[in-house]
Every structure is written in C-alpha cells, then in structure tokens.
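Colleague: I am new to this structure and would like to go through it in steps. Please start where you see fit.

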Amino acid sequence: MGDLSWGRLLLAAAVGCAGAVLWLGGGHGAARRTRLLCAGGGSVATGPPWRDRVPGALRWVRGRCGAEWWAPAAGLVLAVLGASVLPAVAGVAGVPWLRRARLARAARREAERRVDAVIALCGALAGQVRAGRQPGEALRHAARDAGGLGDGQAAVLAAARFGGDVPGALAAAARQPGAEGLLGLAACWRVAVDQGAGLAAGLDRLEAALRAERDQRADLRAQLAGARATAVMLAGLPALGLLLGTAMGADPLRVLLHTGAGLGCLVVGGVLEGAGLWWALAVVRRAEAA
C-alpha cells in the first residue's frame, strides 16, 4: 500500500476516534446543560467531568453492541488496506453467525447458572424442612433465598401457597435449560406427599446427585478445553500467514483480492477453513453432550 493509502487510513481512524470521544463524552452533556439553563434561568450542577463519564459510556456501547460488530470493523480495515470491498462484505455477512454464537454462549452460561440455582434450592429446601417448616412454606422460603425456579417461580410459589399441583408446576419449570433437576424435586415432593416419605432425605440425595453430575460436566469441559483451543488456534494460522507475508513485503492482500488465482484460493481456503472449524467444534460439542 502506498503512503497515500496509509495517510487516508490514519486520517479516518483519527476522525473516527475524535468523533466517538466527543459523542460519548461531551455532546449530549452540553446539550442537556443548555436545555436546563434555558429552562431554569440559572446555573446547574454539571456532575463529574466528561472524562469520568467516558468509561460508563463505553460500557453502555459495549452492552448495546455485541462482539459480533467487530467483524464489519475488521472487514472495513482490511477493505481499506486491500483496496477491495470484499472484506467489508464478508465482515457484514459474518455478523448473524457471530451473533448466534454469542447468544448460544450466553444461553449456555444461563443454563449453568440455573443448574447451580437448582442445587442451592434443593439444599435450602432440605434445611427449611429440617427446621420444622411445612413443605409449602419451606418451598416459598427456599425459593426466595436460593431461586432456581426461573420463569416458573410464580406458578410454583402460587401452587405451594394455595395448595395447588406443586409437582406439576415444578415439572413445567423444569422445561427451562439447566433446570432439569426440578423434575427430581417434583418426584421427591410427590413421594413425600403421597407416601409420607422423608422429604429432607430425598432432597439430600437429589442434591448430591445433581452436584456430582455438575462436577462431572465441569471436568469433561476442562478436558475438552484444550481441543477447542487447539482448533481455534489452527483456524487463526492463515491470518498469521497474511501478517508474515505483509511483513516480508509480499503484499498477500493484493494477490488474494485482485488476481483470479488469489480469489480462487481465498474462496476454497475459506470454505475449507470454515468446514474444518465447524467439524472440530461439533466433535467437542457432541462429546460434551454425551
């Protein structure tokens, strides 16, 4: 790339950074102070300086814009460096896939938190029962303390308070990912109510089983972390090759984006890269599911 292209890139980056800082830090605050002065006719407290508000604004932007938006940003940079629109198009096309991956990771984390909450609920409910509370009252107190019922908490608490079908409400709440342990709680409740068995003893066994299952999944996930990291690292090797080629003065972006052979290699390599990464991660996911 010539000096003119580098100059345009640096100028665009500087203008973008300056605009972002002004927008995040001062623009909205200045407009708000102007409206308050015109309305109140006096001085107003301006609050902390704009430099102190920039981290909060950045957190707000990060919360509204997911990590998938780094793909079009990287594609735009590569488009400027390679003088081609293809990287920008590829970056925009990758946003939906990256968003699905981010949402899937968030769903897995939520399911893991729900597993921990169900285990805590079983332990808290056993403690409440041993303390002498009736099962319905014990369930209400334990659910408020430990959670674990998720979206079905209102139905379960209503059934426990008014003598409804508590096992049915627990089974309905167990349909949430990670809350499958509530099926065991429903079975313990049904046996304790119908046959007079000890609810606390059944809850202790259920809590131990759920805890052992969670620990087993954590151990398996730790063992598979190396395989997942290796697959991701191997997927990033082509980018390292491009950086090395650029450092050696080979200008690989021009070859890949402006020649027929380069475009063919780019398409075939991208397809093989995506297929290999998908296959490796699918193997890991199947092992975790098993």
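Modeller: This is a predicted model. A first residue to look at is Arg 114, which is found in helix H4.

Colleague: Is Arg 114 buried or exposed?

Modeller: A residue counts as buried when its relative accessible area is under 20%. Arg 114 has a relative accessible area of 14%, so Arg 114 is buried.

Colleague: Which residues does Arg 114 touch, leaving out those up to four places away in sequence?

Modeller: Touching here means heavy atoms within 4.5 Å. With residues up to four places away not counted, Arg 114 touches Gly 148, Gln 176, Pro 177, Gly 178 and Ala 179.

Colleague: How are helix H4 and helix H5 oriented to each other?

Modeller: H4 covers residues 86-130 and H5 covers residues 135-146, and their axes lie 8 Å apart at an angle of about 140°. Angles over 145 degrees count as roughly antiparallel and 65 to 115 as roughly perpendicular, with the rest above 35 being oblique. H4 and H5 are therefore oblique to each other.

Colleague: Which residue classes make up the contact of H4 with H5?

Modeller: On the H4 side the contact includes Ala 117, Leu 121 and Gln 128, and on the H5 side it includes Pro 135, His 141 and Asp 145. By class, the contact of H4 with H5 has twelve nonpolar, two polar and one charged residues.

Colleague: Is the crossing of H4 and H5 left-handed or right-handed?

Modeller: The two helices pack with their axes 8 Å apart. Their crossing is right-handed.

Colleague: Which helix gives the most residues to the largest nonpolar core?

Modeller: The largest nonpolar core has 32 residues. H4, H5, H6, H7, H8 and H9 each supply at least two residues of this core. The helix that gives the most, with seven residues, is H4.

Colleague: Which residues does Leu 185 touch, again without those up to four places away in sequence?

Modeller: Leu 185 is among the residues with the most contacts inside the largest nonpolar core, along with Leu 170 and Leu 182. Not counting residues up to four places away in sequence, Leu 185 touches Leu 121, Leu 125, Leu 170, Leu 203 and Leu 206.

Colleague: How many helices and strands does the protein chain have?

Modeller: From the N terminus on, the elements run α-α-α-α-α-α-α-α-α-α-α-α. The protein chain has twelve helices and zero strands.

Colleague: What percentage of the residues of the protein chain count as buried?

Modeller: Buried again means under 20% relative accessible area. Of the 290 residues of the protein chain, the buried ones make up 27%.

Notes. Residues numbered from 1 in each chain as written. Predicted model: local features only at pLDDT ≥ 70, side-chain atom pairs only at ≥ 80, totals over all residues. Heavy atoms only, no water. Axes fitted to C-alpha atoms, helices over the stretch in contact; angles between N-to-C directions. Helix = DSSP H or I, 4+ residues; strand = E, 2+ residues; numbered from the N terminus. Left-handed = near helix turned anticlockwise from the far one by under 90°. Nonpolar A, V, L, I, M, F, W, Y, C, P; charged D, E, K, R; others polar. Core = buried A, V, L, I, M, F, W, Y, C linked by side-chain atoms within 4.5 Å. Buried < 20%, exposed > 50% of the residue type's maximum accessible area, 1.4 Å probe, protein only.
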